[in-house]
Amino acid sequence: MAKAPVLTPRADDFPRWYQDLINKAELADNGPVRGTMVIRPYGYGLWERMQAEMDARIKETGTQNAYFPLLIPQSYFVREADHVEGFAPELAVVTHGGGKELEEPAVVRPTSEMIINDYFAKWVQSYRDLPLLINQWANVVRWELRPRLFLRTTEFLWQEGHTAHATYEDARDFAAHIHRQVYEDFMVNVLAMDVVPGRKTVKERFAGAINTLTLEGMMGDGKALQMATSHELGQNFAKAFNTSYLSKEGRQELVWQTSWGSTTRMIGALVMTHGDDNGLRVPPRLAQIQVVVLAIKGDEAVLAKVREIGERLKAAGIRVQVDDRTDTPFGRRAVDWELKGVPLRVEVGPRDLESGTAMVARRIPGGKEPVAVDALAELVPGFLEEDQALLLRQSRERRESRTAEVSTIEEAVEAAVTGWARIPWADLGEEGEARLAEHAVTVRCLVAEDGSVPDDDKAPGNVAIVARAY
């Protein structure tokens, strides 16, 4: 009788495979309130690594971290009409506190443009105060009707950046810099995800923005996932909050603003982009555990050797965990580490001691090979970099092979069954975008003919990337 697979095969039921992997790899559990989640230590470790990589890039732009309150007076949300209309269906509102009805209800933040702008208006007085560059790492609540762990949850973790600038050009350029040098650089070079940078259509823009820049990734089933966005807010919030400054010429001027964010959704993207039927595959540059050294048996000499190897690899700058839990069967431990997607396993048993080797199992390309113990510290960094590059190459090859060039809406809908489509925006337009929506297909972004981000929605040669999306 065939042994049942650990995970539902992706080809049989991709959503079930995703849920199985989240559970079996111990990434997260559903929370007690519908739509919330409990992020388990291994999943949170991934988020911590994402935070560290992103935070370093954000700070390189001159942006500083701050923290703003979770509760926002409801009255703030009437100040910018498009913004409140865009978020109204998702708001969670606190009406009672301390056993009494509140004089004014408080909204649990869905995003912080409102409260941050109230303080920007106090902090910005002169051109000398600009640019003002603030980021916060926080949680937000958006009441989600169709929750799915990491992808759409009522509460999630994120970073949100908010900036104020003296000119439109400075704000535009900063939003673009975040888009490419922070987000795209991180996703390509750390997450090993081939993402498409583009411009959202008017319909898909962030509520209250004059332009939204996005990064779209293709998941393993061919659907799209919006990975991160960077918004030009123009002067919409500056007008609502009277955020102005005294210019060098002695005139009162309204500031120009941006906001930008990325979330724990990236963990879901990691699963769906790189995972396979055996579990997660974590890019080595992201992995909190790059190498696990396993003792096959509880022999004292074996245990001493795995600990020695662990110390050698750690001294070489590699993130290592020694697994000497020999009271748990070796096969079960190997499967668990495979599920968690640790890039390399170094397995040591009595026979390996005799030969002076260890068996190296590479999770990303698959396969095992014996390696001399004395050569591990020298060879492992090269293995990790090879495997990082392989994941990115596989991600790019998937997108390229499953993206069709089409010229009609019917062809675009058909292509979106298994992947993406590219169609000239001039042939589609807003009317065609509405027709696609009838088939649950959306315009993920607009790109220029050469693949760059267009400066204008109506620039000649714009191409629409269309797909079904999470």
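Strand 10 and strand 11 (residues 224–234) run antiparallel and are joined by eight bridges. The model in which this pairing appears is a predicted one. One of the links between these strands is that of Leu215, whose bridge partner in strand 11 is Ala228. The two strands form a hairpin with five residues between them, and in this hairpin Gly222 takes a positive phi near 90°.

Strand 10 also has a partner in strand 9 (residues 195–199), to which it is joined by five bridges, again in the antiparallel sense. Here Gly198 has Thr214 of strand 10 as its bridge partner. Strands of a sheet pair through backbone hydrogen bonds, in either a parallel or an antiparallel manner.

The surroundings of strand 10 (residues 211–218) may be considered next. The strand is mostly covered, with eight of its eight residues buried. In a regular strand, side chains alternate between the two faces of the sheet. In strand 10, Asn211, Leu213, Leu215 and Gly217 point one way, whereas Thr212, Thr214, Glu216 and Met218 point the other way; all of these are buried.

Attention now turns to Asn236, which is placed in helix 6 (residues 236–241). Is Asn236 buried, partly exposed or exposed? Its relative accessible area is 24%, so Asn236 counts as partly exposed, because a residue is called buried only when that value is under 20%. A polar atom of the Asn236 side chain lies 2.9 Å from the backbone oxygen of Gly208. Pro69, by contrast, is 167 residues from Asn236 along the chain, and the C-alpha atoms of the two are separated by 22 Å.

A further part of the model is an open sheet of five strands, arranged in the order 16-15-17-18-19 with mixed pairing. Its edges are strand 16 (320–323) and strand 19 (368–372), each of which pairs on one side only. On average, neighbouring strands of this sheet are turned by 25° against each other, with direction ignored. Within the sheet, strand 15 (residues 291–295) and strand 17 (residues 344–348) pair in the parallel sense over five bridges. Val292, for example, has Arg345 of strand 17 as its bridge partner.

Two helices lie across strands of this sheet. Helix 8 (residues 300–315) lies across strand 15, strand 16 and strand 17, and runs at about 170° to strand 15. Helix 11 (residues 376–401) lies across strand 15, strand 17, strand 18 (357–362) and strand 19, and runs at about 10° to strand 18.

Definitions and conventions
Residues are numbered from 1 along each chain as its sequence is written. This is a predicted model: local features need pLDDT of at least 70, side-chain atom pairs count only at pLDDT 80 or more; totals for chains, interfaces and linings use all residues. Side-chain values use heavy atoms; hydrogens and water are left out. Helices (H or I, at least four residues) and strands (E, at least two) are DSSP runs, numbered from the N terminus. Buried means under 20% relative accessible area, exposed over 50%, partly exposed in between (1.4 Å probe, protein chains only). A polar contact is a pair of N or O atoms within 3.5 Å; within protein, one must be able to donate a hydrogen and the other to accept it, and residues adjacent in sequence count only if both atoms are side-chain atoms. Two strands pair if DSSP finds at least two bridges between them. Axes are lines fitted to C-alpha atoms, for helices over the stretch in contact, and angles run from 0 to 180 degrees between N-to-C directions. Contact means heavy atoms within 4.5 Å.
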